[in-house]
Amino acid sequence: MNVTPVSAELKTIESFLEVGWREGKIVSDDITQAFELIIDYWIVLFLSSLGVITNSLTLVVFLRQGFRDSVNVSLFSITVWDQVKCLAGVVYRLHKPLGLYKPVWGYNWKWMSGPYLVYLSIFAGFVSYALATYVSIERCLSVSIPFKVRSFITPPITSSFMLGLSLIVFGSFCPMFLIYTIHYTYSPLYNASIVTVIPNHFYYARDGLILKIYKFLGIFYPAIFCTIMISTSAIIVFHLRKSAENFDKMKGAKSTAAATAGESSRVSTTVTPRELKVTKMLLVIILIYLMDFFPRVCKYTASLIEPEFFRYGKYHNLMLVMSNVLWILDFVNASANFFIFLRMSTNFKKTFYMIFPKCSKLHDKDKV
């Protein structure tokens, strides 16, 4: 971080960016500011705060249950990254309450934390997508070849995959934290030093290679994850239907001992009722991720086709408006898993009400 007067280089960059925004204003400043106020602050702040609470509760439940099951390991890992995402979202948006107390503090916090906390939220989301993709593969194998999978997909193996995927995906985005430099300049408006964020030499190095890689990964990862999730989800649905048919036939064959024995031998090759419940729950989670994928792929495709569709580029305002809409989907995704677990997992619900018995009483009253 540098404390400098307004340099000639800084003036040149700011003038270029100002001209660029003026030339490409498909979306006006007023609309952009309205989106930022209503969506990026109020709605997203609420969703990210909700996510911090729900993910904290989910982590407490999984810690209480332990990690003897690979499903708990994978879901705990996803929740950790969802929590990182939501925490970064909340802390970044503290610039608004700070600004109400002292405008220059809010301004400085927004621009000082933006290049780091905004990217942290985005990158944590990509890691969460990667881990959810692993879960879709693991579930697909579990319903396709259940007995073989149980012998080699153990909690230690799952932990290794969770850690490895996290390091690979998050590490591939880390250079983006280096492309901006923070300066302090004097502002007559605030009568104080304010933060100015400018692209540094890493931003422009090798004809913007870091940005190109980032935009490519922004398309590559969702495209790969989406393709895998769609394929595995189709296989999972097929096997769920097949298993349901087998269990129905087994119930209908209880009239004779011979038929029962024959059906038992057939069902022994399929998944258990508990596995069916777990798989259905995870399938719902996977489908929510898929709903979040498509708009993000569109955004990154646009940024790859048009380099100026990026922060501080010619289409800065349009990019911000689209990003604000995506934030809603991202934080709904990051905060929804707790409600899915509580609704669809008997073990999760039992443990949660064991830890928070007052919630159980309130739930019982609502039923009455």
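Student: What share of residues 157–182 is helix, and how far apart are the end C-alpha atoms of the span?

Tutor: The model is predicted. UniProt, in an unreviewed entry, lists residues 157–182 among its transmembrane regions. In the model this span includes 12% strand. The helix share is 65%, and the end C-alpha atoms lie 42 Å apart.

Student: How much of residues 41–63 is helix, and how much is strand?

Tutor: Residues 41–63 also appear among the transmembrane regions in the UniProt entry. The end C-alpha atoms of this span are 32 Å apart. Its composition is 100% helix and 0% strand.

Student: How many helices and how many strands does the protein have?

Tutor: The elements include helix α2, residues 29–65, and helix α10, residues 273–305. The count for the protein is 13 helices and 3 strands.

Student: What percentage of the residues in the protein is buried?

Tutor: The protein has 368 residues, and its accessible surface comes to about 18700 Å². Carbon and sulfur atoms hold 69% of that surface. A residue counts as buried when its relative accessible area is under 20%. By that cut-off the buried share is 47%.

Student: Which percentage of the contacts with a separation of 6 or more joins residues 24 or more positions apart?

Tutor: One example of a contact across the sequence is Asn 337 with Ile 78. For contacts in the protein with a separation of 6 or more, the share from residues 24 or more positions apart is 78%.

Student: How does the reach of α5 from first to last C-alpha compare with the expected span?

Tutor: Helix α5 runs over residues 103–144, which gives 42 residues. At 1.5 Å a residue, the expected span is 62 Å. The value in the model is close to that, at 58 Å.

Student: At which residue does α5 bend?

Tutor: The angle is about 60°, and a proline, Pro 115, follows within four residues of the bend. Along the helix, 30 of the 42 residues are buried. The bend is at Gly 114.

Student: How many salt bridges does the model hold?

Tutor: One joins the side chains of Glu 138 and Arg 139 at 3.1 Å, N to O, and both of these residues are buried. Another joins Lys 85 and Asp 330 at 3.9 Å, N to O. The count is 2.

Student: How many residues apart in sequence are the parts that Lys 85 and Asp 330 tie together?

Tutor: Lys 85 and Asp 330 are both buried. Lys 85 belongs to helix α3 (residues 70–92) and Asp 330 to helix α11 (residues 316–344), so their salt bridge links parts separated in sequence by 245 residues.

Student: Does the end-to-end distance of α11 agree or disagree with its expected span, and what is that distance?

Tutor: Helix α11 has 29 residues, and at 1.5 Å a residue these should span 42 Å. The helix also bends by about 35° at Ala 336. The distance between its end C-alpha atoms agrees with the expected span, at 42 Å.

Student: Is Asn 337 buried or exposed, and what is its relative accessible area?

Tutor: Asn 337 lies in helix α11. Beyond its neighbours within four places in sequence, Asn 337 contacts Ile 78, Asp 82, Ile 285 and Tyr 289. Asn 337 falls under the 20% cut-off and is therefore buried, with a relative accessible area of 4%.

Student: How far apart are the C-alpha atoms of Ile 78 and Gly 125?

Tutor: Ile 78 lies in helix α3 and is buried at 3% relative accessibility. Leaving out residues up to four places away in sequence, Ile 78 touches Ser 128, Leu 131, Ala 132, Val 135, Tyr 289 and Asn 337. Gly 125 is 47 residues from Ile 78 along the chain, and the C-alpha atoms are separated by 9.4 Å.

Student: Which residues does Ile 286 contact, leaving aside its neighbours within four places in sequence?

Tutor: Ile 286 is in helix α10 and is buried, with a relative accessible area of 1%. The C-alpha atoms of Ile 286 and Ala 132 are 6.7 Å apart, although 154 residues separate the two along the chain. The contacts of Ile 286 are Ser 136, Met 229 and Ser 233.

Student: What is the relative accessible area of Ser 49?

Tutor: Ser 49 is in helix α2. Its C-alpha atom is 6.8 Å from that of Cys 86, which is 37 residues away along the chain. Ser 49 is classed as partly exposed, with a relative accessible area of 26%.

Notes: Residues numbered from 1 in each chain as written. Predicted model: local features only at pLDDT ≥ 70, side-chain atom pairs only at ≥ 80, totals over all residues. Heavy atoms only, no water. UniProt positions renumbered as here; feature names shortened; annotations may be inferred. Helix = DSSP H or I, 4+ residues; strand = E, 2+ residues; numbered from the N terminus. Buried < 20%, exposed > 50% of the residue type's maximum accessible area, 1.4 Å probe, protein only. Contact = heavy atoms within 4.5 Å. Areas by Shrake-Rupley, 256 points an atom, 1.4 Å probe, with all protein chains shown as cover. Expected span 1.5 Å × (residues − 1). Bend = angle between axes of the 7 residues up to and from the residue. Salt bridge = Lys/Arg side-chain N within 4 Å of Asp/Glu carboxyl O.
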